[in-house]
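Colleague: Please take one part of this model, the pairing of its aromatic rings, and look at it closely. I would like the cut-offs stated and the surroundings described as well.

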Amino acid sequence: MSNVVRHSIAYSYKVGDTIERFNSCNPEEQAAIEMHIAKVIVESFVEPADHDYLAARSLAIGGLHRSFYWSATQAIEKYLKAFLLLHGISVRDFSHDLSKLLEVAKNCKSGFADIDISPNSDLSLPSHFTLSQLKLDQFIQLLQKYGSPSNRYNNYGAIYDTGHLFALDSLVYRLRSKMQLPCIEMSFHMRLSADFQRYLYENNPYFAPAHFAHAELPNPLFPLSAGGNMPHWEFLQRSDTMLYLFPKQWLKKHMKINF
């Protein structure tokens with residue numbers, strides 16, 4: 001059964017299943033112990049996830065799409081691990097595999113598989129611009145590919161449109177809602193510059209204050225974009241002629257690359 005700690009964080013871990021002496025503590029002591037656990041989970045996973053999420057938004061708005069995926073993947077991994085920890089599931093032996101984390105989360109709580117990550121209905125999107133409309137599993141697969149450690153070296157490039165940013169906004173909001181987390185501003189300790197406040201709030205009705213004036217889309221400060229790039233190594237894979245084969249052989253001996 002879920003309990004409530006400071007800031008109404010939802011959790012269902014049972015400390016007594018891990019530490020037998022916990023059951024001999026009085027209710028006030030038990031509540032304090034549970035609160036300390038929740039606070040560490042928030043500081044270790046949720047706050048860094050919120051920072052990664054803001055970084056992802058900033059990078060997407062700025063046009064650095066491969067870096068957007070890296071930060072977005074980092075954020076979703078941490079949110080999922082926080083969710084599992086708050087349900088008493090150890091994450092010590094999990095790798096960075098988002099699909100596995102998502103599968104465990106789905107098994108942990110009903111309704112998880114049905115999370116809607118379509119763009120917020122309050123967004124005013126121009127009819128002539130088509131954005132990706134992604135399902136949860138599709139988006140997780142994109143994050144795993146383009147946000148993977150291998151893509152630090154541009155192994156996969158990045159296929160992106162602004163629909164991916166809006167999918168991230170929706171997913172982050174719904175994951176945070178499932179954990180009943182404090183407002184996202186708490187993670188930044190109220191010290192965001194005006195620029196980063198704009199990156200967090202602009203065309204993001206989930207988190208923007210009610211009085212925030214969203215700029216009409218598209219605009220120079222928040223472009224709607226679509227595109228991608230193919231790494232040159234993919235071009236080299238098209239042929240095994242000497243002109244292509246020798247570069248591949250040399251590169252395989254000198255760097256980690258997925259030929």
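Modeller: What follows starts with the ring pairs and then moves outward to the helices and the core.

This is a predicted model, in which local features need pLDDT of at least 70 and side-chain atom pairs count only at pLDDT 80 or more, while totals for chains, interfaces and linings use all residues. Residues are numbered from 1 along each chain as its sequence is written, and side-chain values use heavy atoms, with hydrogens and water left out.

A pair of aromatic rings is described by the distance of the centres and the angle of the planes. Rings of Phe, Tyr and Trp (its six-membered ring) are paired here if their centres lie within 6.5 Å; planes under 30 degrees apart are stacked, those over 60 are edge-to-face, and the rest are tilted. By that rule the structure holds 13 aromatic pairs. In one of them, F196 and Y199, the ring centres are 5.5 Å apart and the planes stand at 75°, so the pair is edge-to-face. Both residues sit in helix α6 (residues 194-201), three residues apart, which means that about one helical turn separates them. An α-helix has 3.6 residues a turn, so residues three or four places apart point the same way. Helices (H or I, at least four residues) and strands (E, at least two) are DSSP runs, numbered from the N terminus.

F196 has 37% relative accessibility and therefore counts as partly exposed. The scale is: buried under 20% relative accessible area, exposed over 50%, partly exposed in between, with a 1.4 Å probe and protein chains only. Apart from residues up to four places away in sequence, F196 touches L54 and S58, where contact means heavy atoms within 4.5 Å. I140 is 56 residues from F196 along the chain, and their C-alpha atoms are separated by 26 Å. In the loop between α5 and α6 lies M190, which counts as exposed because its relative accessibility is 61%.

Y53, Y173, Y206 and F207 form one aromatic cluster. Y206 is also among the contacts of N120, together with S170 and P205, once neighbours within four places in sequence are left aside. N120 itself lies in the loop between α3 and α4 and is buried, with a relative accessible area of 12%.

Y53 leads on to the core. A nonpolar core is a set of buried Ala, Val, Leu, Ile, Met, Phe, Trp, Tyr and Cys residues joined through side-chain atoms within 4.5 Å. The largest one has 64 residues, and Y53, F68, I76, Y79, L168 and L171 touch the most other members. At least two of its residues come from each of α1, α2 (65-86), α3 (98-108), α4 (136-146), β3 (158-161), α5 (162-179) and α6. The largest share, twelve residues, is supplied by α2. Excluding residues up to four places away in sequence, L171 touches I76, I115, I117, L136, F139 and I140.

F139 also appears among the contacts of H164, as do F68 and Y69, with residues up to four places away in sequence not counted. H164 belongs to helix α5 and is buried at 4% relative accessibility. Its side chain makes a polar contact of 2.8 Å with the side chain of Y69; such a contact is a pair of N or O atoms within 3.5 Å, where within protein one must be able to donate a hydrogen and the other to accept it, and residues adjacent in sequence count only if both atoms are side-chain atoms.

Helix α1 needs a separate word. N26 caps its N-terminal end, with a side-chain oxygen 3.0 Å from the backbone nitrogen of E28. Just after α1, G63 takes a positive phi of about 90°.

As for the whole, the chain has eight helices and four strands, and 43% of its 259 residues count as buried.
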